[in-house]
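Please open the structure in the viewer and keep the selection panel at hand. The tour below proceeds by successive selections.

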Amino acid sequence: MTMSSNQRSQWRLGPRAGFSLVEALLAVILLGITAAYAFPVVERGAMRSKADRAANVIANEMRNAYSLSARQRKPVTIGVNSANRTLTIADRAAGTVFVRQNFSTAQSPYGLTALNASAATITVFPNGVASDTLRVTLSVGPNQRVVRMTRVGQVRVQ
């Protein structure tokens with residue numbers, strides 16, 4: 001029993017390794033379908049995370065205003081501009097801006113679609129009392145957060 005040259009070459013090489021074109025295309029199609037289902041979930045999570053981060057930054061800046069006022073021994077104003085989506089902390093008398101946070105979509109990593117406040121400006125006095133309470137509502141797409149500040153400086157994110 002003799003083998004032909006074709007049978008001998010297959011015998012020496014062993015079974016062929018690798019994937020066929022059909023198998024590779026099937027794997028790519030399955031990955032595409034899985035990614036199409038996962039993308040909206042990931043996008044919603046990213047928007048929720050942006051809203052949480054922006055709310056925490058606003059809360060920290062409100063707390064910072066109280067400590068700045070105490071350190072400077074001067075009244076400090078917290079200003080919220082809804083149109084530009086900015087938060088500003090400035091010296092009330094001189095107008096010197098200590099902090100300006102921009103939360104607009106194009107110019108910040110937070111990408112807020114809306115920023116509204118119960119008052120445009122609040123004054124924080126060096127004794128640790130503010131002129132009024134402040135409620136800031138922010139939105140990133142459908143995700144909304146509320147940051148509340150009492151007159152005595154307690155800040156909560158909801």
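In which sense do strand β2 and β3 pair, and over how many bridges? Select residues 86-91, which constitute β2, together with β3 in this predicted model. The two strands pair in the antiparallel sense, and 5 bridges connect them. Within this pair, display I89 and V99: I89 has V99 of β3 standing opposite.

Next, extend the selection to the whole sheet. The order β3-β2-β1-β5 describes an open sheet of 4 strands with antiparallel pairing. Its edges are taken by β3 (97-102) and β5 (121-124); each has a single partner strand, so one side of each is left without a neighbour in the sheet. On average, and with direction ignored, neighbouring strands of this sheet are turned by 15° against each other. Strands of a sheet in general pair through backbone hydrogen bonds, in either a parallel or an antiparallel manner.

Now add residues 21-72, which form helix α2. This helix lies across β1 (76-81), β2, β3 and β5. Relative to β3, helix α2 runs at about 175°.

Finally, select the entire protein. It contains 2 helices and 8 strands, and from the N terminus on the elements follow the pattern α-α-β-β-β-β-β-β-β-β. Colouring by burial shows 31% of the 158 residues as buried. A surface representation corresponds to an accessible surface of about 10,400 Å², with 56% belonging to carbon and sulfur atoms. For a contact map, consider contacts between residues at least 6 apart in sequence: 48% of these join residues at least 24 apart.

Note on methods. Residues are numbered from 1 along each chain as its sequence is written. This is a predicted model: local features need pLDDT of at least 70, side-chain atom pairs count only at pLDDT 80 or more; totals for chains, interfaces and linings use all residues. Side-chain values use heavy atoms; hydrogens and water are left out. Two strands pair if DSSP finds at least two bridges between them. Axes are lines fitted to C-alpha atoms, for helices over the stretch in contact, and angles run from 0 to 180 degrees between N-to-C directions. Contact means heavy atoms within 4.5 Å. Buried means under 20% relative accessible area, exposed over 50%, partly exposed in between (1.4 Å probe, protein chains only). Accessible areas come from the Shrake-Rupley method with a 1.4 Å probe; for residues, only the protein chains shown count as cover.
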